[in-house]
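Hi everyone, thanks for making the time today. I'd like to walk you through one structure, starting from a single residue and working outwards. Please have a look at it first.

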2 protein chains.
Amino acid sequence: MAYRALDERSVVDYVRACSAMEAIFETGAALRAREVGDGNLNLVFIIENVADPEQSAVLKQALPYLRVAGESWPLTRERMRFETQALLKYNELTPGLVPRVYEHDQEMSLVIMEHLRKHQIMRKPLVARERFPRFVDQISSFVARVLFFTSDLYLSGLAKKTLMSEFINPHLCKIQEDFVFTNPYMESPENQWNPRIDAQVREVRANGALKLALAEMKAGYMTHAQALIHSDLHTGSIMVNERDTRVIDSEFAFYGPIGFDLGAILENLVLNHLSHYAHTPDPRARREYQAYLLDLVRSVWGEFARKFETLWIENNRGELVPEPYWDFPGGDDAFAEYRRRYMADLLRDTAGHGGAKMLRRMMGIVSIWDLTSIEDLDQRAVAERLAIRIGSRWVLERARLSSVEDLVGIVLEETRGVEEDLAG
Amino acid sequence: MAYRALDERSVVDYVRACSAMEAIFETGAALRAREVGDGNLNLVFIIENVADPEQSAVLKQALPYLRVAGESWPLTRERMRFETQALLKYNELTPGLVPRVYEHDQEMSLVIMEHLRKHQIMRKPLVARERFPRFVDQISSFVARVLFFTSDLYLSGLAKKTLMSEFINPHLCKIQEDFVFTNPYMESPENQWNPRIDAQVREVRANGALKLALAEMKAGYMTHAQALIHSDLHTGSIMVNERDTRVIDSEFAFYGPIGFDLGAILENLVLNHLSHYAHTPDPRARREYQAYLLDLVRSVWGEFARKFETLWIENNRGELVPEPYWDFPGGDDAFAEYRRRYMADLLRDTAGHGGAKMLRRMMGIVSIWDLTSIEDLDQRAVAERLAIRIGSRWVLERARLSSVEDLVGIVLEETRGVEEDLAG
């Protein structure tokens with residue numbers, strides 16, 4: 001059926017008529033809907049059984065464009081195609097770690113999916129110092145499985161390129177290209193930053209070595225088609241509870257560098273860590289929770305690397321390097337060394353992309369709630385200055401980083417003495 | 001019209017009816033055709049005006065598949081689409097350096113193009129020690145212009161990705177992936193080599209460090225979408241005469257690493273250089289011509305690099321790094337350093353890909369005429385052993401190579417003393 005934007009009334013008729021209806025709701029159920037999206041990018045409806053609101057689903061429909069930065073971006077409804085395609089691929093590769101898809105309709109640019117009623121976006125509970133005992137295991141499985149099974153390490157050359165051709169996603173890529181790697185570091189009208197860090201922002205924008213390194217990371221983002229990356233995997237795209245982790249909002253998905261996804265997760269954990277200098281005045285509670293967050297950084301990387309390499313060894317059927325290639329005396333060692341170098345490259349890329357994303361949050365179009373929720377601008381600036389130093393070093397020093405402990409080490413070095421300053 | 005393979009009779013009717021007819025031949029001309037292709041991949045017809053054979057054109061039509069290595073490769077007629085698309089793009093970016101296209105017909109998988117009656121495939125005249133005074137200028141313009149104008153240094157992100165999506169070329173990519181980077185270095189039934197270099201071939205296949213480096217080059221070939229590369233740019237894909245250079249056979253074109261094209265040219269010049277130990281028994285004539293060939297290696301790279309960087313400076317409108325990004329005190333220096341590093345990466349990539357291609361010619365499915373035309377297997381082995389050493393070093397030592405003189409230096413080091421051995 002031809003595209004038309006739904007409203008709270010028409011969405012109920014749409015769902016009642018759709019073939020997934022019986023999989024979600026009991027036969028003949030009366031439904032009600034409410035729109036809960038922010039209205040910028042998508043309409044998001046929650047549809048419930050009036051008699052039993054536990055029976056519910058989410059319907060997400062793309063609007064034809066997004067107004068952002070005072071400029072109209074040509075974000076066509078195609079982006080819903082990318083979100084849906086990625087969700088379907090994720091459901092195939094990592095069922096249970098993303099919302100289930102009940103139905104999708106390309107003409108209408110919509111998808112009907114599982115309503116995650118008992119999950120929350122990860123940012124807020126991290127600010128509230130909650131802990132998620134299964135997060136490391138689950139998020140590392142998500143990235144390891146999706147990235148491995150869509151890479152040339154697993155797929156045939158033909159299958160990889162066919163999948164890649166379905167994920168050429170130029171408009172959404174451009175948003176990240178501009179807003180992660182370019183505009184924050186030069187004059188651009190949409191940039192925003194805390195006036196208290198004006199000097200640091202100016203320093204970044206005039207730091208030739210850093211900008212050169214950021215341009216190199218951008219070249220990687222634009223040209224390195226390594227695996228199907230989510231490409232917006234911050235803690236606002238992750239929903240959690242005590243038992244469960246789900247990745248959402250996959251409209252940016254395309255074939256890009258693996259390190260961009262890992263960098264997003266690690267960087268967001270570090271920024272949350274820094275936010276606690278303001279959010280958690282009690283030094284002991286703060287230290288404990290910050291230590292927990294750095295352990296998450298270590299173990300998300302560590303578990304990702306362990307699982308990714310295990311998948312590789314156990315499913316080594318991609319065409320990049322077929323098994324018989326290593327069939328010679330010493331071949332096992334050569335293959336092990338190849339894997340070691342591959343993982344070391346991923347870590348350096350993770351640092352570079354994570355650092356870039358940390359910096360852009362300080363001086364680009366969007367900050368993150370962990371920091372913007374700090375109302376005192378001086379307090380906020382403490383965290384932001386640290387983030388600028390840590391992000392800059394992750395980018396600039398990436399070539400020498402050889403373990404996740406080196407990334408954490410930079411956080412520890414840069415935050416040394418902050419406790420005393422706050423106490424004094 | 002539906003696809004049907006043409007023959008020498010039906011091709012004349014086809015050409016007479018096509019709209020380009022009048023652009024090629026005088027009105028009412030009687031035409032004759034002969035098939036000159038090797039019949040494996042494509043039909044190639046030369047169509048002439050009976051009354052004036054100088055009026056002629058080439059019609060190239062893809063056959064539905066290719067039988068190679070005893071196995072049927074799914075080389076669909078799509079490859080003619082890639083060849084034609086690339087030819088059209090080349091005609092736009094470097095008119096005069098490729099055959100003109102008169103007409104193309106996707107349904108029929110054919111293209112009608114300029115007949116290069118006065119050019120010859122470059123291999124043979126290089127073996128005959130001919131010189132081509134305009135080759136360096138022309139081939140360097142071809143690669144510099146095509147690679148620059150299709151890269152993120154010139155195009156918008158949207159335009160680059162749109163063009164890239166038209167050149168997802170998995171079947172032809174697979175041929176290079178398998179036959180350049182993988183199969184030659186392991187047991188594979190289609191491999192062929194001179195029995196005199198059996199020991200050296202076995203050494204390569206058991207050299208863990210080398211195979212690891214080759215696997216890294218392959219990963220780059222499979223994932224690094226830098227520019228629209230020709231991807232088969234050896235001296236058999238270049239036609240020359242005293243005044244003119246033309247690039248042909250572009251069916252492998254896709255978005256890949258720039259160094260693969262440069263590597264192909266340089267590597268073929270080096271292999272031709274080595275072939276003269278057999279082809280040119282006179283030491284003085286040999287030395288002079290080998291020096292000429294190494295000067296071609298130096299100046300093809302040098303002119304490519306100079307022109308590419310000049311195009312970049314003068315047409316810096318790609319979205320990778322927009323001009324205003326460098327607008328800060330010291331920004332010019334940072335931009336210059338960025339370009340310097342970019343070009344240095346290209347040189348290292350050129351060495352790695354060139355080295356891989358040199359090796360595969362010694363032990364894979366296809367050698368090159370420069371060497372196979374040496375009938376004495378011992379003489380041929382002299383060149384081949386040198387090629388294996390040079391190719392291995394280009395691949396293994398690429399990280400330390402910082403100028404084309406370093407690549408030439410490896411050739412000079414490895415060939416030192418060969419003169420004396422031959423004389424002795």
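**A walk through the two chains**

Let's begin in a loop of chain A: Arg196(A) sits between helix H7 (170–181) and helix H8 (198–205) of that chain. Before I go further, please keep in mind that this is a predicted model. Is Arg196(A) buried, exposed or partly exposed? Inside 10 Å it has 16 C-beta neighbours, so Arg196(A) counts as partly exposed. Leaving out residues up to four places away in sequence, Arg196(A) touches Leu377(A), Asp378(A) and Ala381(A). For a sense of how the loop runs, compare it with Tyr185(A): the two are 11 residues apart in sequence, and their C-alpha atoms are 17 Å apart in space.

Staying in chain A, there is a backbone detail for the torsion fans. Ser109(A) is not a glycine, and yet its phi is positive, at about 55 degrees. You will find Ser109(A) in the loop between strand S6 (101–105) and strand S7 (110–114) of chain A. Ser109(A) is buried, because 24 other C-beta atoms lie within 10 Å, where 20 or more are needed.

Chain B offers a serine to put beside it. Ser231(B) also has a positive phi without being a glycine, here of about 75 degrees. Its loop is the one between strand S9 (227–229) and strand S10 (238–240) of chain B. With 27 other C-beta atoms within 10 Å, Ser231(B) is buried.

Ser231(B) brings us to a glycine. Which residues does Gly256(B) touch, not counting those up to four places away in sequence? They are Tyr221(B), His224(B), Ala225(B), Gln226(B), Ile229(B) and our Ser231(B). Gly256(B) itself belongs to strand S12 (residues 254–256) of chain B, and its 27 C-beta neighbours inside 10 Å make it buried. Gly256(B) and Gly220(B) are 36 residues apart along the chain, while 8.0 Å separates their C-alpha atoms.

Now for a helix, and a quick bit of arithmetic. How far should the 32 residues of helix H11 (residues 283–314) of chain A span at 1.5 Å a residue? The expected value is 46 Å, and the end C-alpha atoms are 46 Å apart, so the two agree. In chain B, helix H11 (residues 283–314) also has 32 residues, and it reaches 46 Å from first C-alpha to last, close to the 46 Å expected.

Where is H11(B) buried? The list is Tyr289(B), Gln290(B), Leu293(B), Leu296(B), Val297(B), Val300(B), Trp301(B), Phe304(B), Ala305(B), Phe308(B) and Trp312(B). Look at the spacing as you read along. An α-helix has 3.6 residues a turn, so residues three or four places apart point the same way. As for the cover over these buried residues, it includes helix H5 (135–149), helix H10 (258–279), helix H12 (331–363) and helix H15 (404–415) of chain B.

H12(B) has another partner to show you. Helix H7 (residues 170–181) of chain B packs with H12(B) at an angle of about 75 degrees, with 8 Å between their axes. H7(B) and H12(B) are therefore roughly perpendicular to each other. On the H7(B) side the contact uses Phe179(B), Val180(B) and Phe181(B), and on the H12(B) side Ala356(B), Lys357(B) and Arg360(B). By class, that contact has 4 nonpolar, no polar and 2 charged residues.

Finally, let's see how the two chains come together. Two copies of a chain are related by a rotation about an axis and a shift along it. Here, a turn of 180 degrees with a shift of 0.0 Å along the axis lays chain B on chain A with an RMSD of 0.0 Å. The copies are thus related as by a two-fold rotation axis. Which residue of chain B comes closest to that axis? It is His224(B), with its C-alpha at 2.4 Å; you have met His224(B) already, as a contact of Gly256(B).

The contact between the chains takes 44 residues from chain B and 44 residues from chain A. On the chain B side, helix H6 (157–166), H7, helix H9 (208–223) and H12 each supply at least two residues. The largest share, 8 residues, comes from H9(B). By class, the side of chain B that touches chain A has 22 nonpolar, 10 polar and 12 charged residues. And 100% of the interface residues of chain B are also interface residues in chain A, so the copies meet through the same surface.

That's my tour; thanks for listening!

Conventions: Residues are numbered from 1 along each chain as its sequence is written. Chains are lettered from A and ligands numbered from 1 in the order in which they are written. This is a predicted model: local features need pLDDT of at least 70, side-chain atom pairs count only at pLDDT 80 or more; totals for chains, interfaces and linings use all residues. Helices (H or I, at least four residues) and strands (E, at least two) are DSSP runs, numbered from the N terminus. The expected span of a helix is 1.5 Å times one less than its number of residues. A residue is buried if 20 or more other C-beta atoms lie within 10 Å of its own, exposed if 12 or fewer, and partly exposed in between; C-beta atoms are placed from the backbone. Two residues are in contact if their C-beta atoms, placed from the backbone, lie within 7 Å. Copies are superposed by least squares on the C-alpha atoms of residues with pLDDT of at least 70 in both. Axes are lines fitted to C-alpha atoms, for helices over the stretch in contact, and angles run from 0 to 180 degrees between N-to-C directions. Angles under 35 degrees count as roughly parallel, over 145 as roughly antiparallel, 65 to 115 as roughly perpendicular and the rest as oblique. Ala, Val, Leu, Ile, Met, Phe, Trp, Tyr, Cys and Pro count as nonpolar, Asp, Glu, Lys and Arg as charged, and the others, Gly among them, as polar.
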